[in-house]
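Please look over the sequence and the model below. The paragraphs that follow start from one residue and then move to the interior space and the contacts between rings.

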Amino acid sequence: MMVADSAREAITPSAPPSVFPTRVQQRWLEQAAREVAARTGQPAVAVLAHYRSRLDDGEPLQYVLGSWQFRWLNLGVDRRALIPRPETELLVDLVVAEVDSGRSGRVLELGTGTGAIAASLAHEFPTLQVVATDFSRDALALAAENLRQLELDQRVELRFGRWWEAVEPQERFDVICSNPPYVTDDEWIGLDSTVRDWEPREALVAGTSGVECYEVIFAHAGCHLDRGHGTVVVEIGADQGAEVVAIARNASFGAVIKQDLVGRDRFVVARL
């Protein structure tokens, strides 16, 4: 299930806003300006001019608009967290496929950012219990704002901590999911400036190899799956599938690679 329009479906994790046709950008900016004008009394033309100036300065369109759609939800987005990408919408489907037919169970999301994944799970499947963590207090604040606005703050438990620091030793889950940083230090230098200069580096860059976060995730995931059985679903870089599968298998998981809608390797599903 993807609820992105054709323009958004073209976005990749490092894509600049210029991938949007100019007419599409203009339509979205005009609509946002009208909404702000109606709410604040400011002239719409002045609001639109301010938006255009920010876009001309290289700020991503999503941050200029201040909100972005992820599946069925409209989320607040700003520089506190990574902009949700459309391919990540598929991660929610993969998580749901691993939960029992009654759509119940406990799900842990490591590194929630805007809260897009956790909020979508809670919104679409009310019987799920969702715990979402992040080591950025700014990102957690943004996620909390989104959950309150969506009236999902009683359905998702947010916790501060780096990876497993936010999880109690005795806690168990049916599914653990994450869209962790997977860009290398060298790749970071070559990213488009609208990504490199605006989005939080710590949400994108993993380290020298790009797979450091997967090593941390799989090192402890098995200890937190219910009764020693369960699934880990992670998003990956398009060329990282074999390496992440190897990391999962070294941790006693059976693992397979899943593709996104354009056929690129994008996820690893690992089961105990």
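Phe 125 counts as buried in this predicted model, because its relative accessibility is 16% and the cut-off for buried is under 20%. The residue sits in the loop that runs between helix H6 (116–124) and strand E4 (128–134). Leu 110 is 15 residues from Phe 125 in sequence, and their C-alpha atoms are 19 Å apart.

The two elements that flank this loop also take part in enclosing a cavity. Strand E3 (105–110), H6 and E4 each contribute at least two residues to the lining of the largest cavity. A search of the whole structure gives two cavities of 30 Å³ or more, and the largest holds about 480 Å³ of space. Its lining is made up of 37 residues, with Leu 82, Gly 111, Gly 113, Asn 179 and Ala 203 nearest the centre. By type, the lining has 19 nonpolar, ten polar and eight charged residues.

Next come the aromatic rings, which form two pairs. Trp 28 and Trp 68 meet edge-to-face, 5.4 Å centre to centre and with 85° between the planes. This pair links helix H2 (residues 22–40), which holds Trp 28, to strand E1 (residues 67–70), which holds Trp 68, across 40 residues of sequence. Both tryptophans, Trp 28 and Trp 68, are buried. The other pair, Phe 218 and Phe 253, is also edge-to-face, at 5.3 Å and 75°. Phe 218 belongs to helix H10 (residues 212–221), while Phe 253, 35 residues away, is in the loop between helix H11 (241–250) and strand E10 (254–259). Phe 218 and Phe 253 are both buried.

Rings also meet charges here. The charged end of Arg 137 lies over the ring of Phe 160, 3.6 Å from its centre, and Arg 162 is placed over the face of Phe 135, 4.1 Å from the ring centre.

Note on methods
Residues numbered from 1 in each chain as written. Predicted model: local features only at pLDDT ≥ 70, side-chain atom pairs only at ≥ 80, totals over all residues. Heavy atoms only, no water. Helix = DSSP H or I, 4+ residues; strand = E, 2+ residues; numbered from the N terminus. Buried < 20%, exposed > 50% of the residue type's maximum accessible area, 1.4 Å probe, protein only. 1 Å grid on protein atoms, 1.4 Å probe; cavity = no way out; pocket = protein on both sides within 12 Å on 5 of 7 lines; lining within 4 Å. Points joined across faces, edges and corners; volume = space filled by probe spheres on them. Nonpolar A, V, L, I, M, F, W, Y, C, P; charged D, E, K, R; others polar. Phe/Tyr/Trp six-rings, centres within 6.5 Å; stacked < 30°, edge-to-face > 60°. Lys NZ or Arg CZ within 6 Å of the ring centre and 35° of its normal.
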